[in-house]
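Trainee: I would like to look closely at one part of this model and then see how other parts are put together. Could you take me through it slowly?

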Amino acid sequence: MKKKLLMLSVLAGTAMTFAQQKITIIPSVGYAWRVAKTADNMDASQKEYVKGLKSGFNFDIGAYYRVNTLTGLGIKYNLYTASHTGDFKVANENIILNDFKTDDRISFVGPGFIYSNFEEDVKHRLYYDMAIGLISYVSKNQFVETKGSNLGLAATIGYMYGISPAVMIGPQFSYTGGVLKKYKINGTEYKPNKGEYEGLHRVAASLGATFRF
C-alpha cells in the first residue's frame, strides 16, 4: 500500500510540474543564406564580391509564455553575421582594392507568438512561430559604415524530439525579411532609387533546443 501511495505521489508531482510549464525558450544556431536580389547598378566584379556576404552564421532565440494548450506569446531575437575578404572594384573608377574586408550584421527583435503541440504527451512535436519587429543592418569595411533599420518579419517552423517533458531538440527552418529604403553611410542619410534598396531577406537551417519551465 505504501509503495502504491509513493508511486501515486511521484506521478502526481510529475503531472503538476508538467502542467506548470508556462515558459518556453527556444535557442538555435545554424547557417543562413541571403536571398534578396543584388542591386542592378553593380558590375560583375562587385556582384562577385557581394556573393561572399550572401551566407553566414545564424543565431535565433525565442521566449514565450503559454496562453493555452496550443499557443503562446513572447519575444523573438535573431542575428546574422557574415564576413568576406577579397578584391573589390570601386564603382565608376579604375581602382581595385586588394584584400578588401567587409563585415555584415543583421539583427531582428520583436514580439511574436508560437503555435505548437508541446502540451501533448508525445515524443515528436512540431511548432511554428512568427514575430514582427525591428530589423537592423550594419555593414562595415575599411572606409565605409552603413547602418539602417526598418519593420521586419521573422518566422520559424521546427520539429522537436522530446528528450523529457521539459527538454527537446531538433531541426528548424526559418525566414527573416525586411527592406531598407533609406540608410546612413558614415552618418549621412542616403535614399537609394527603387531597385537599389537593401534587401535583408534570408532563409536559415538550424539546430534548436526547447526548454520548458
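In E12, which residue is the bridge partner of phenylalanine 173?

Mentor: The bridge partner of phenylalanine 173 in E12 is alanine 205, and please keep in mind that what we are reading is a predicted model. On another strand, E7, phenylalanine 173 stands opposite isoleucine 157, so let us place the strands around this residue, following the rule that two strands pair if at least two bridges are found between them. Strand E6, residues 145–164, pairs with strand E7, residues 167–177, in the antiparallel sense over 9 bridges, and a hairpin of 2 residues joins E6 to E7. E7 is also joined to strand E12, residues 202–212, by 10 bridges, and these two strands run antiparallel as well.Both ends of the E6 and E12 story reappear among the salt bridges, of which the count comes to 9. In one of them lysine 147 meets glutamate 145, with the closest N and O atoms 3.8 Å apart; lysine 147 counts as partly exposed at 42% relative accessibility, and glutamate 145 is partly exposed too, with a relative accessible area of 26%. Salt bridges that share partners also join Arg34, Asp104 and Glu198 into one network.

Arginine 212 of E12 forms a salt bridge with glutamate 119, and here the closest N and O atoms are 2.1 Å apart. This pair links distant parts of the chain, since glutamate 119 lies in the loop between E4 and E5 while arginine 212 lies in strand E12, 93 residues apart. Glutamate 119 has a relative accessible area of 19%, and because buried means under 20%, this residue counts as buried; arginine 212, at 4% relative accessibility, is buried as well.

A salt bridge within a helix can be set beside that one. The side chains of lysine 51 and glutamate 48 meet at 3.5 Å, N to O, and both residues lie in helix H2, residues 44–51, where they are 3 residues apart, about one turn of the helix. Lysine 51 counts as exposed at 53% relative accessibility, whereas glutamate 48, with a relative accessible area of 48%, is partly exposed.

Turning to the rings, the structure holds 8 aromatic pairs. In one of these, the rings of phenylalanine 88 and phenylalanine 100 have their centres 5.2 Å apart and their planes at 20°, so the pair is stacked. Phenylalanine 88 is in strand E3, residues 71–89, and phenylalanine 100 is in strand E4, residues 96–116, so that the pair links distant parts of the chain, 12 residues apart. Phenylalanine 88 and phenylalanine 100 are both buried. The rings of tyrosine 183 and tyrosine 190, by contrast, have their centres 5.6 Å apart and their planes at 55°, so that pair is tilted; tyrosine 183 is buried at a relative accessible area of 12%, while tyrosine 190, at 36%, counts as partly exposed. Ring pairs also link Tyr49, Phe88, Phe100 and Phe143 into a cluster.

Last come the nonpolar cores. The largest has 17 residues, and Ile106 and Leu200 touch the most other members; E3, E4 and strand E5, residues 124–140, each supply at least two residues of this core. Leaving aside neighbours within four places in sequence, isoleucine 106 is in contact with several residues, among them Leu79, Tyr80, Ile135 and Leu200. A second, separate core of 7 residues includes Tyr64, Ile114, Phe118 and Met168.

Notes. Residues are numbered from 1 along each chain as its sequence is written. This is a predicted model: local features need pLDDT of at least 70, side-chain atom pairs count only at pLDDT 80 or more; totals for chains, interfaces and linings use all residues. Side-chain values use heavy atoms; hydrogens and water are left out. Helices (H or I, at least four residues) and strands (E, at least two) are DSSP runs, numbered from the N terminus. Rings of Phe, Tyr and Trp (its six-membered ring) pair if their centres lie within 6.5 Å; planes under 30 degrees apart count as stacked, over 60 as edge-to-face and the rest as tilted. Buried means under 20% relative accessible area, exposed over 50%, partly exposed in between (1.4 Å probe, protein chains only). A nonpolar core is a set of buried Ala, Val, Leu, Ile, Met, Phe, Trp, Tyr and Cys residues joined through side-chain atoms within 4.5 Å. Contact means heavy atoms within 4.5 Å. A salt bridge is a side-chain nitrogen of Lys or Arg within 4 Å of a carboxyl oxygen of Asp or Glu.
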